[in-house]
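Here is a set of exercises to work through with the model open beside you. Try each task on your own before you read the solution.

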Amino acid sequence: MKRTTISLIATTVALAAITGFAALTAPGGGSTAEAGAAARLPVERSSLLCPAPSSSEIAETAYTSFTPVGKTGDAKDGAAELKASAATLADTGTAPKKDPKKDTKKDATAEGAKKPAPDKAVLALKEPGKPVAAKAAGGEAPALVGTATGRLAPGWTAQQTTTVTAGGSRGVLGVSCTAPDTDFWFPGASIAKNRQDYVHLTNPDPTAAVADIELYGKDGALKTTLTEGIPVPAGSSVPVLLSTLTSDPAADLTVHVTTRTGRVGAVVRAADDKAGSDWLAASADPSGTAVLPGIPADATSVQLVAFAPGDDDADLKVQLAGATGRITPAGHETLHIKSGMTAAVDLQDVTKGEAGSLILSPAQSSRATPVVAALRVVRGKGDKQEVAFIPATAPVGERATAADNRAKGSILSLTAPDAGAQVKVTASAGTQGGTQVVKTYTVKAGTTLAVPPPVPTGLKGSYALTVETVSGGPVHASRTLTLPQDGIPMFTVQTLPDDRGTVAVPKAEQDLSVLDD
């Protein structure tokens, strides 16, 4: 008999590098990881999806694409391109009636499907360490779908920043383009009369996806009109107006997006009649603790919205991590969240002139109930208000990046909830010129360090910020971009979770032998 050895580990290493995930099980139920320590290898393929930016013809959108310099394994070549989706379809419900006093421009989303754009890259990245940018004007800009391969895949990041200076969708709408997935939580949405919130679903794949949307208010699940799911055609994007899905009023809402088939990118565009608009990104996966980093020092209103998706109620401690340590907001020491219900609490101007981050932890350490959470943050007063959202976020981990930073107006917030840490921050070269700058910061335990980030020497254009954990405990981070307009403190906040540029794979080879005659 001949003995042919099949290397299971080789196959799995390749799968892990391509997909970013792998699990090995040896015969008898043991993990092959037990045979040796895990090594981390760079992924070889990444996907990102950017939602259709705005239906306003006065919108101006900037796209930025970036891959940090780092380990690329054996990859010497690669590509990273964002292309227009096949179509952005009309929303599945009744499009909102326009207020002529607020926006006299044509609403492309309400009018119906947009014409598919030519199959040509809107943005093409050529090399790691040097971001590229592109701009789009008006309400015809489509959703984008993109793939990075080879040396441009590990840590690939794209940012979409839209400025609308007037009308009902006024504001700076910033979002980090998302990876496709099958499960998303959005606490902080609303179907109140003064809100028009859409969930944008984008399908990157060549086959159709079917998505479900569940809505949860203060009394539990809301009855919706959805029975068959929402079809999202291949390579297309569908905006869904939340208020068309139910007749039940809910000022504070948690939206749960899942897929029956396929996968999508999902993000919520929230518009407030008084406070402008911004994107609400998905919360981190349900967890017993939550960190929401980067509340601006001059926030005039902060609202916490949280949801407990499991079978148990959650009792949480509410703390603000500031420059010198943690404090408990007066009158809001704890928060009780009933299972399957959305809880909201008005923290008002909780920062009191000092930037901070909200930390939610179990009231009883022995009972950690998973929750999702987000903050609705307002700056300014009266008719000069502007809103942004900060979802709970995972730690920076090995590395995380925020693209589209400007010479002025960026604030980097770093929070070490449990133990002190040291991080390295790299300001990349600019999109049109400049030399990268590297700076190291120390974050004390239980504090938030909010600083203007380093700026590349001789900067021209915009640039990317990459944060890497050097030592110490977990660090959570966000980037605030401020672009004031006519006395309105327009701003947007993006969190910086681990970019998943590497994947753990076992070092040892598992010998699975095939016996041949």
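**Exercise 1.** Find the residue that stands opposite Tyr-63 in strand 8, then place both strands in their sheet.

*Solution.* Step one: Tyr-63 stands opposite Ala-134 in strand 8. Strands here, like helices, are DSSP runs numbered from the N terminus (E, at least two residues, for strands; H or I, at least four, for helices). This is a predicted model, in which local features need pLDDT of at least 70 and side-chain atom pairs count only at pLDDT 80 or more, while totals for chains, interfaces and linings use all residues. Residues are numbered from 1 along each chain as its sequence is written, and side-chain values use heavy atoms, with hydrogens and water left out.

Step two: strand 4 (residues 60-66) runs antiparallel to strand 8, and six bridges join them. Two strands pair if DSSP finds at least two bridges between them.

Step three: widen the view to an open sheet of four strands in the order 8-4-10-11, with antiparallel pairing. Strand 8 (132-137) and strand 11 (171-176) are its edges, each pairing on one side only. On average, neighbouring strands of this sheet are turned by 15 degrees against each other, direction ignored; the axes are lines fitted to C-alpha atoms, for helices over the stretch in contact, and angles run from 0 to 180 degrees between N-to-C directions.

**Exercise 2.** Strand 37 (residues 463-472) pairs with strand 30 (residues 400-405) and with strand 32; give the number of bridges and one residue pair for each.

*Solution.* Start with strand 30: its antiparallel pairing with strand 37 covers four bridges, and Thr-401 has Thr-466 as its bridge partner in strand 37. Go on to strand 32, which pairs with strand 37 over seven bridges, again in the antiparallel sense. There, Gln-422 is matched with Ser-471 of strand 37.

**Exercise 3.** Is Ser-428 buried or exposed, and what does Ser-428 contact?

*Solution.* First locate Ser-428: it belongs to the loop between strand 32 (421-427) and strand 33 (433-435). Its relative accessible area is 2%, so Ser-428 is buried (buried means under 20% relative accessible area, exposed over 50%, partly exposed in between, with a 1.4 Å probe and protein chains only). Next list its contacts, leaving aside neighbours within four places in sequence: Phe-66, Gly-129, Pro-131, Gln-436, Pro-456, Tyr-463 and Ala-464. Contact means heavy atoms within 4.5 Å.

**Exercise 4.** Compare that with another loop residue: describe the place of Asp-313 and its contacts.

*Solution.* Asp-313 is in the loop between strand 22 (299-307) and strand 23 (314-321). With 27% relative accessibility, Asp-313 counts as partly exposed. Residues up to four places away in sequence aside, Asp-313 touches His-336, Ile-337, Lys-338, Ser-339, Arg-367 and Thr-369. For Thr-369, the separation from Asp-313 is 56 residues in sequence and 7.1 Å in space, C-alpha to C-alpha.

**Exercise 5.** Which residues have the most contacts inside the largest nonpolar core?

*Solution.* The largest nonpolar core has 31 residues, and those with the most contacts inside it are Leu-201, Ile-213, Leu-242, Leu-253, Val-255 and Val-257. A nonpolar core is a set of buried Ala, Val, Leu, Ile, Met, Phe, Trp, Tyr and Cys residues joined through side-chain atoms within 4.5 Å. Strand 14 (residues 209-217) gives the most to this core, namely four residues. Apart from that core lies another, of 29 residues, including Leu-304, Ala-306, Val-318 and Leu-335.

**Exercise 6.** Why is the pair Phe-184 and Phe-186 called stacked?

*Solution.* A search of the whole structure finds four aromatic pairs. Rings of Phe, Tyr and Trp (its six-membered ring) pair if their centres lie within 6.5 Å, and planes under 30 degrees apart count as stacked, over 60 as edge-to-face and the rest as tilted. For Phe-184 and Phe-186 the ring centres are 6.3 Å apart and the planes at 15 degrees, so the pair is stacked. Finally, check burial: Phe-184 is buried at 8% relative accessibility, and Phe-186 is buried at 0%.
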